[in-house]
Structure formats: C-alpha cells, structure tokens
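The following exercises are to be worked through with the sequence and the structure at hand. Each task is followed by a solution in steps.

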Amino acid sequence: MATPPDSPVDEIAYEIEPSRLPKHRPVALEDLCRQTKFTRQEIRVMYRGFKQECPEGVVHEDAFKDIYAKFFPHGNATLYAHYVFKAFDVNCNGAITFRDLLVTLSTLLRGSIYEKLRWTFKLYDINGDGCITRSELAEIVVAIHEMMGRRTHQAHVEDERKARDQVDFVFRKLDINQDGVITLEEFIESCLKDDVITRSLRVFDAGL
C-alpha cells in the first residue's frame with residue numbers, strides 16, 4: 001500500500017498501478033525527481049491532486065475524455081482527447097499512470113525544444129509508424145475543430161477552408177524532400193528553422 005500523502009516527503013512512495021494491471025515496484029520520489037524536471041515539493045502537490053481525482057492510481061481513456069469535455073463544453077472533444085491520450089500513454093496499455101503524466105508534463109513544460117518537438121511529432125504520428133502523412137495532420141485539425149465547436153453553417157464552411165489551407169501550408173514546409181511523408185528529422189529541422197511553422201503548429205496544439 002502506498003504511503004499516505006501526509007507522510008514526510010522523503011518517505012513517500014507512489015503505487016501507480018492498480019491490481020488489475022501488471023504489478024511494478026512502487027515509484028519512489030527520488031526516482032521521479034531523476035526522471036523529470038520537477039522538485040520534490042511539486043511532485044508531492046501533483047500527486048495529491050492526482051490521487052484525489054484518480055483514486056485507482058491511473059486514468060483510463062473514458063475518464064480522460066470526460067475531463068476534456070468539461071473544458072470544451074460547446075464542442076466534441078472525444079476525438080482529440082483520444083489522440084492526446086495515446087501520446088500520454090507511455091506504455092500503450094490503455095492507462096495513464098502518475099509516472100506517465102509526470103514525465104509528459106515535464107517534457108511539455110520544462111523540456112528542451114527538441115524534447116517538445118519529439119513529443120509533438122508523436123502526437124501527430126497517429127499510427128506510430130515513424131512518419132506523419134497529410135491525412136494524419138488533417139485528422140488532428142478536424143479533431144481540433146470538432147472540439148472547439150461549430151458555429152453557423154457559413155462560419156463552419158469558412159473554418160474548413162482555412163483548415164485545409166493551413167494543413168497544405170504546413171505539410172509543404174515540413175516535407176522537405178517532398179516524398180509525401182514527414183519524418184522526425186524533417187519535422188525538427190523545419191520547426192527549428194521556421195518560426196511561421198512553429199506558430200502554425202501551436203494552432204493545432206490549441207487543445208493541449
């Protein structure tokens with residue numbers, strides 16, 4: 001059983017796997033400090049909140065989608081939440097543990113530009129084959145538009161046109177050798193060289 005959160009910080013051990021998942025040793029605070037860029041106190045505070053919201057010690061996809069739905073009540077966040085969940089699910093076992101959450105947040109909030117770009121690439125690489133296709137990029141854009149909610153028919157048509165233009169622009173820039181797919185190397189090189197691309201990608205990341 002995990003040590004209660006009120007124990008001294010150096011003695012906290014986090015049991016992050018429920019009984020129905022394969023058992024692992026509890027994750028000690030020092031291990032999490034080494035694996036992330038958070039302080040002991042920051043980890044302790046985040047763990048308390050995590051256990052309060054997720055007493056089982058993990059977040060499953062349905063619960064993750066419910067969280068997104070609360071933040072975007074006027075749209076349908078289901079599809080985009082699915083893609084983000086996959087990117088957070090480090091072990092690809094259908095559950096986000098506290099370690100998964102902490103490592104990912106450390107990357108997004110305090111990681112180097114290379115670490116952030118690698119994570120963003122993983123989000124867009126929907127099938128995990130190591131490259132991004134035009135259709136994968138378009139799927140993310142569609143998911144974001146659904147999440148933000150649809151307005152009038154005319155506004156929706158205009159949004160679709162802008163989204164297609166945005167996908168075409170970004171894909172042409174990222175696909176350096178014009179072979180129809182974007183590799184991780186192309187993705188990082190293009191983003192580091194072109195601030196316009198980086199700003200365009202931030203539009204796609206609006207739901208993070």
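**Exercise 1.** In which hand, left or right, does helix 4 pass helix 6? Describe the contact between the two helices as well.

*Solution.* The model is a predicted one.

Step 1. Two packed helices are described by the angle between their axes and the distance between the axes. For helix 4 (residues 78-88) and helix 6 (residues 113-124), the angle is about 130° and the axes are 9 Å apart.

Step 2. Angles over 145 degrees count as roughly antiparallel, and those from 65 to 115 as roughly perpendicular. Helix 4 and helix 6 are therefore oblique to each other.

Step 3. The crossing of helix 4 past helix 6 is right-handed.

Step 4. Helix 4 contributes Tyr80, Tyr83, Val84, Lys86, Ala87 and Phe88 to the contact, and helix 6 contributes Trp119, Lys122 and Leu123. Sorted by class, the contact of helix 4 with helix 6 holds seven nonpolar, no polar and two charged residues.

**Exercise 2.** At what angle do helix 2 and helix 5 pack, and how far apart are their axes? Identify the residues that meet.

*Solution.*

Step 1. Helix 2 spans residues 40-53 and helix 5 spans residues 98-110; they pack at about 130°, and their axes are 11 Å apart.

Step 2. Helix 2 and helix 5 are therefore oblique to each other. Helix 2 makes a right-handed crossing past helix 5.

Step 3. On the side of helix 2, the residues are Glu42, Ile43, Met46, Tyr47 and Phe50; they meet Phe98, Leu101, Leu102 and Arg110 of helix 5. The classes in this contact of helix 2 with helix 5 are seven nonpolar, no polar and two charged residues.

**Exercise 3.** Is Ala163 buried or exposed? Place Ala163 in the fold and find its contacts.

*Solution.*

Step 1. Ala163 belongs to helix 8, which covers residues 153-174.

Step 2. The cut-off for a buried residue is under 20% relative accessible area. Ala163 has a relative accessibility of 11%, so it counts as buried.

Step 3. When neighbours within four places in sequence are left aside, Ala163 is in contact with Val141 and His145. Ala138 lies 25 residues from Ala163 along the chain, and the C-alpha atoms of Ala163 and Ala138 are 8.1 Å apart.

**Exercise 4.** What is the sign of phi at Cys92? Treat Gln178 in the same manner.

*Solution.*

Step 1. Most residues other than glycine have a negative phi. Cys92, which is not a glycine, has a positive phi of about 55°. Gln178 also has a positive phi, near 55°.

Step 2. Cys92 sits in the loop between helix 4 and strand 4 (95-97). Gln178 is in the loop between helix 8 and strand 6 (181-183).

Step 3. A residue counts as exposed at over 50% relative accessible area. Cys92 is exposed, as its relative accessible area is 66%. Gln178 has 54% relative accessibility and therefore counts as exposed.

**Exercise 5.** How many helices and strands does the protein have? Characterise the whole protein.

*Solution.*

Step 1. The secondary structure consists of 10 helices and six strands.

Step 2. Of the 208 residues in the protein, 41% are buried. The accessible surface is about 11800 Å², and carbon and sulfur atoms account for 54% of it.

Step 3. Among contacts with a separation of 6 or more, 60% link residues 24 or more positions apart.

Methods. Residues numbered from 1 in each chain as written. Predicted model: local features only at pLDDT ≥ 70, side-chain atom pairs only at ≥ 80, totals over all residues. Heavy atoms only, no water. Axes fitted to C-alpha atoms, helices over the stretch in contact; angles between N-to-C directions. Helix = DSSP H or I, 4+ residues; strand = E, 2+ residues; numbered from the N terminus. Parallel < 35°, antiparallel > 145°, perpendicular 65-115°, else oblique. Left-handed = near helix turned anticlockwise from the far one by under 90°. Contact = heavy atoms within 4.5 Å. Nonpolar A, V, L, I, M, F, W, Y, C, P; charged D, E, K, R; others polar. Buried < 20%, exposed > 50% of the residue type's maximum accessible area, 1.4 Å probe, protein only. Areas by Shrake-Rupley, 256 points an atom, 1.4 Å probe, with all protein chains shown as cover.
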